[in-house]
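Student: I have a protein model to read. Can we go through it step by step?

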Amino acid sequence: MNELRTSITVGMVALLAGLSLAPSIFAQAPTPRDRASQGPQVVSPEVSSDRHITFRIYAPNADKLKLGAGDIPSKGLRTEMTKATNGIWELTIGPIDAGAYRYNFNLDGVTVVDPRNAATSESNNNVWSLVNVPGSDFMDTRDVPHGAVASVTYYSTTLKRFRRMHVYTPPGYELGNGKFPAFYLLHGAGDSDEAWSSVGRAGLILDNLIAAKKAKPMVVVMPAGHTRSFFGFGRREGGSTNAAAARPPLDEFGPDFLTDIVPCVEKHYRVYTDRQHRAIAGLSMGGGQTLEMAISNPDKFAYVGVFSSGLFGAFPGNRNGAPVPATDPKWEERHLAGLDNAKSKKGLKLLWFSTGTDDFLLETSRKSVDLLKKHGFNPVYVESTGGHTWINWRNYLNEFTPQLFR
């Protein structure tokens, strides 16, 4: 018994000693010196009630720092920031129209995201920081029923590898058994399948439209329009641009879209599979892909939207004031079967174009509309203000979607 008491006493002493040490081991507060070595606390970005945005970054050893934010009006691609004596660089801009904006910092020639901002938006081969300026009824997060945006992995039998797409399902989808129309929404050059959900705010736009009964509940599919990790049209990895090495992205994306993406959606989601319940739209590169898909497959889509886009390379143009010949002068000839298909025109409920008057693709859009009219189509063409930016593309989505499946 004495031995038992002794072992219990020793054990209790050891336990109490361990407990007394625990706070010093696991919960030590940083010393003033530790806190000082981390630098001053930085809040970035900070959005004020009058729609000004202040960007900050702690970089005491940097010599030059710039904000990169191409979509923010009047800021251009690079705007110099000012350094304070405490090592914090700062820039305030505004007032800025409500909306989501991508940005990054260029620190002595090296591009970095904002280390104090967890919100990001993906491009094809990089990531941006993201700031939202509230104040828009159609794309703000509001107290309405919300749908869900899922990141979906599928296997492309066409490309022999796994691919990703984002899929929006409307509020209450997971609770019911009914079917929904399907809207395929394509991104632009250099972007990814995630872009329409983050900077494009597609899920929130749909939530608000459906809640206001301005749009039908629908499944929105946002696939990856690039099939390679490089940027641009027809470039191989490694940057080769010569004719022998070029690979037009439509050559790979089109078969992947028709053979793998659409069947995958129609197998795993409760969507209708007929033409009258399918829509397709895209911005810039995605608009070109949309036209190619819709004209080459006239039995697939009853609603077609083209945002800041047209028939790329089908017409002569200019670049920096110099004339540029059409890269595909026989586009019209190659697509005559689709262009002159009377049955396909009869089933086409909506062919909708919109481009900004400051957009570098304005003439391409106009010429594309004229060519389609020449072949008996009846496109709706709307010219907005502004240029080739997400400011317009979110507006176009908000204007186009209520016209679907009526």
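What follows is a short set of questions and answers on confidence, a sheet and a pocket.

Tutor: This is a predicted model, where local features need pLDDT of at least 70, side-chain atom pairs count only at pLDDT 80 or more, and totals for chains, interfaces and linings use all residues. Residues are numbered from 1 along each chain as its sequence is written, and side-chain values use heavy atoms, with hydrogens and water left out.

Student: What pLDDT does the protein average?

Tutor: pLDDT is the predictor's confidence in each residue, from 0 to 100. A score of at least 70 is reached by 84% of the residues. Over residues 1–27, though, the pLDDT is below 50. The protein average is 87.

Student: In what order do the four strands of the open sheet lie?

Tutor: Strands are DSSP runs (E, at least two residues), numbered from the N terminus. Two strands pair if DSSP finds at least two bridges between them. Strand 1 (46–47) and strand 5 (82–83) are the edges, each pairing on one side only. The pairing is antiparallel, and the order is 1-2-6-5.

Student: Which residue in strand 2 is the bridge partner of Glu 46?

Tutor: Strand 2 covers residues 53–58. Two bridges join strand 1 to strand 2, and the two run antiparallel. The partner of Glu 46 is Thr 54.

Student: Which strand gives the most to the lining of the second largest pocket?

Tutor: On a 1 Å grid over the protein atoms alone, a pocket is an open set of points where a 1.4 Å probe fits, with protein on both sides within 12 Å along at least five of seven lines; lining residues have an atom within 4 Å of a point. This pocket has 16 lining residues, including Asn 124 and Arg 163. Three come from residues 161–169, which form strand 12.

Note on methods:
Contact means heavy atoms within 4.5 Å.
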